[in-house]
Amino acid sequence: MTFSPQIIELIKTGIMETLFMVFASSAISYLIGIPLGIILVVADKDGIRPMPLLQKMLGVVINLLRSVPFIILLILVLPFTRMVVGTTLGAKAVVPPLVIAAAPYIARMVESSFKEVDAGVIEAAKSMGASTWQIIWKVLLPEAKPSLLVGAAISITTILGYSTMAGFTGGGGLGTIAINYGYYRYQTDMMLVNVALLVIIVQIIQEVFMKIARTSDKRIR
């Protein structure tokens, strides 16, 4: 493969589109997923404010959304995507289905992180008269921060994997380039270059979040 200026520009555009899809959808997904995760923990039968019915209903909805394969979800929500962003093609058209797929996954990751917090710390906060909001903000979130960061690394790389599937529907990014050149045009070298770039992006995300998680973990200081 010859790295002509056109090819290099195409790859640069693919990288930028991939980063946009991943980080835009990750930010929105976390804005939705963190509150959902908090509700799942707080409303649990053994939680701070038990509301078993709400917790169960929310859990069912989250599990249903998580059980739909992303490539099928991508197609199912095309009318919604068109309504929200005005198109079903390009990088921005991938953000809505990515959010729908990732938010429930993140909610479960957040729930898992919060459940790792020592129950004794929560009980101590309760005994001092802390409100539900104070326990969430001053106990759960700080104590779960390292685990949340590790979960963020896993979640964002999972979203990156989802974004590459969008190439089959003209979603843009490195996934689309790999599919268009490697699958449809049989240019294996072009596909391998894009795969290598995706691997590098994954490794950078993992390293950055794991380093932040280690520095914020009070247990290893």
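# Notebook: helix packing and selected residues

**Entry 1. Helix α1 against helix α9**

I looked up the pair α1 (residues 5–42) and α9 (residues 188–216) and found that the two helices pack at an angle of about 40°, with their axes 12 Å apart. Helices are DSSP runs of H or I with at least four residues, strands are runs of E with at least two, and both are numbered from the N terminus. The axes are lines fitted to C-alpha atoms, for helices over the stretch in contact, and the angles run from 0 to 180 degrees between N-to-C directions. I therefore class α1 and α9 as oblique to each other. Angles under 35 degrees count as roughly parallel, over 145 as roughly antiparallel, 65 to 115 as roughly perpendicular, and the rest as oblique.

The crossing of α1 and α9 is right-handed. In this convention the near helix is turned clockwise from the far one by less than a right angle, whereas an anticlockwise turn is left-handed. On the α1 side I noted I7, L10, I11, I15, T18, L19 and F23 in the contact, and on the α9 side M190, V193, L197, L198, I201 and I205. Contact here means heavy atoms within 4.5 Å. I sorted the residues of the contact of α1 with α9 by class and obtained twelve nonpolar, one polar and no charged. Nonpolar covers Ala, Val, Leu, Ile, Met, Phe, Trp, Tyr, Cys and Pro; charged covers Asp, Glu, Lys and Arg; the others, Gly among them, are polar.

**Entry 2. Provenance and confidence**

I recorded that this is a predicted model, in which local features need pLDDT of at least 70 and side-chain atom pairs count only at pLDDT 80 or more, while totals for chains, interfaces and linings use all residues. Residues are numbered from 1 along each chain as its sequence is written, and side-chain values use heavy atoms, with hydrogens and water left out.

The protein chain has a mean pLDDT of 86, and 96% of its residues reach 70 or more. pLDDT is the predictor's confidence in each residue, from 0 to 100. Among the elements, I found the lowest mean pLDDT (82) in helix α8 (residues 173–184) and the highest (92) in helix α5 (residues 95–115). Where pLDDT is low, the predicted coordinates should not be read in detail.

**Entry 3. The chain as a whole**

I counted nine helices and zero strands in the protein chain. The C-alpha trace spans about 70 × 45 × 25 Å along its principal axes. Of the 221 residues, 42% are buried. Buried means under 20% relative accessible area, exposed over 50%, and partly exposed in between, with a 1.4 Å probe and protein chains only. Among contacts with a separation of 6 or more, 72% join residues 24 or more positions apart.

**Entry 4. Helix α1 against α2 and α5**

I then followed α1 to α2: their axes come within 9 Å and cross at roughly 135°. That makes α1 oblique to α2. α1 passes α2 in a left-handed crossing. In this contact L36, I39 and L40 of α1 meet L54, Q55, L58, G59 and I62 of α2. By class, I find six nonpolar, two polar and no charged residues in the contact of α1 with α2.

For α1 and α5 the packing angle is about 45°, with the axes 6 Å apart. α1 is therefore oblique to α5. The crossing of α1 past α5 is right-handed. The residues of the contact of α1 with α5 divide into 20 nonpolar, four polar and three charged.

**Entry 5. Three single residues**

I located M57 in helix α2. M57 is exposed, with a relative accessible area of 51%. M57 and L40 are 17 residues apart in sequence and 10.0 Å apart in space, C-alpha to C-alpha.

V68 lies in the loop between α2 (52–67) and α3 (70–76). At 28% relative accessibility, V68 counts as partly exposed. Leaving aside neighbours within four places in sequence, I found V68 in contact with L73 and L76. V68 and A101 are 33 residues apart in sequence and 8.2 Å apart in space, C-alpha to C-alpha.

G167 sits in the loop between α7 (132–165) and α8. G167 is buried, with a relative accessible area of 5%. Beyond its neighbours within four places in sequence, G167 is in contact with G175, T176 and I179. I also noted that the C-alpha atoms of G167 and A152, 15 residues apart along the chain, are separated by 24 Å.
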